[in-house]
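I have a new model open and a blank page next to it. These are my notes from a first look around.

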Amino acid sequence: MGKASEMQAKSPEERIPLMEHLASAIRHVEDGQELIRRQRDRIYALGKAGRNTALAELVLARLEASQALRVADRKRLEDMLAALETEP
């Protein structure tokens, strides 16, 4: 059995922590988007000033990889809650 099936909550009391986790995941995705935006701004400013952007671009790549994990986590939680809504 996968984690999603193991964590399926039947009662409202069991759904609340799942909803709290989803709310947290949504905030983390939003925070990650802001970090990525700021890093892109830094890269632009460095490039415009004729500075080396290699390290800043590496940091951006790491931020984007982390963001992909945060988005996947949010999707997993959304899918789990959606599955609970469709259960009898």
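What follows is a set of short entries on what I looked up.

**Entry 1: what kind of model**
I note up front that this is a predicted model.

**Entry 2: helix 3**
I started with helix 3, which covers residues 54-86. Does its length fit its residue count, and what span should I expect? At 1.5 Å a residue, its 33 residues should span 48 Å. I looked up the C-alpha atoms at its ends, and they are 48 Å apart, so the two values agree.

Next I asked which residues of helix 3 are buried. My list reads A56, L60, L63, Q67, L77, M80, L81 and L84.

**Entry 3: Q39**
I moved to helix 2, residues 12-48, and picked out Q39 there. Is Q39 buried or exposed? I put Q39 down as buried, because its relative accessible area is 7%, below the 20% cut-off. I then followed its side chain and found that it reaches the backbone oxygen of A56 at 3.0 Å. Setting aside residues up to four places away in sequence, I have Q39 touching A56, V59, L60 and L63. Of those partners, A56, L60 and L63 are on my buried list for helix 3.

**Entry 4: V59 and its patch**
V59 also sits in helix 3, but I could not file V59 as buried. Its relative accessible area is 36%, so I call V59 partly exposed. I checked the surface around V59 and found a nonpolar patch formed by L55, L58 and V59. Together these three have about 270 Å² of accessible area.

**Entry 5: L22**
Back in helix 2, I looked at L22. L22 counts as buried, because its relative accessibility is 13%. Which residues does L22 contact, leaving aside neighbours within four places in sequence? I wrote down R74, L77, E78 and L81. L77 and L81 are buried residues of helix 3. I also looked up L22 and E78, which are 56 residues apart along the chain, and their C-alpha atoms are separated by 7.0 Å.

**Entry 6: salt bridges**
Side chains of opposite charge can pair when their charged atoms come close. How many salt bridges does a search of the whole structure find? I got 6. I went through some of them pair by pair.

- R76 and D73 meet at 2.5 Å, N to O. They are 3 residues apart in helix 3, so about one helical turn separates them. I have R76 as partly exposed at 33% and D73 as partly exposed at 30%.
- R74 and E78 meet at 3.9 Å, N to O. Being 4 residues apart in helix 3, they too are separated by about one helical turn. R74 is partly exposed at 24%, and E78 is partly exposed at 34%. I recognised both from my L22 contacts.
- K75 and D79 meet at 2.8 Å, N to O. I have K75 as partly exposed at 44% and D79 as partly exposed at 39%. They are 4 residues apart in helix 3, so about one helical turn lies between them.

My last salt-bridge note is on E34, R37 and D41, which are joined into one network by salt bridges that share partners.

**Entry 7: looking back**
Two helix 2 residues gave me links to helix 3. Q39 touches A56, V59, L60 and L63, while L22 is in contact with R74, L77, E78 and L81.

Definitions and conventions:
Residues numbered from 1 in each chain as written. Predicted model: local features only at pLDDT ≥ 70, side-chain atom pairs only at ≥ 80, totals over all residues. Heavy atoms only, no water. Helix = DSSP H or I, 4+ residues; strand = E, 2+ residues; numbered from the N terminus. Buried < 20%, exposed > 50% of the residue type's maximum accessible area, 1.4 Å probe, protein only. Polar contact = N/O pair within 3.5 Å; in protein donor to acceptor, adjacent residues only side chain to side chain. Contact = heavy atoms within 4.5 Å. Patch = residues over 30% accessible without salt bridge, like charges linked within 9 Å, V, L, I, M, F, W, Y side chains within 5 Å. Areas by Shrake-Rupley, 256 points an atom, 1.4 Å probe, with all protein chains shown as cover. Salt bridge = Lys/Arg side-chain N within 4 Å of Asp/Glu carboxyl O. Expected span 1.5 Å × (residues − 1).
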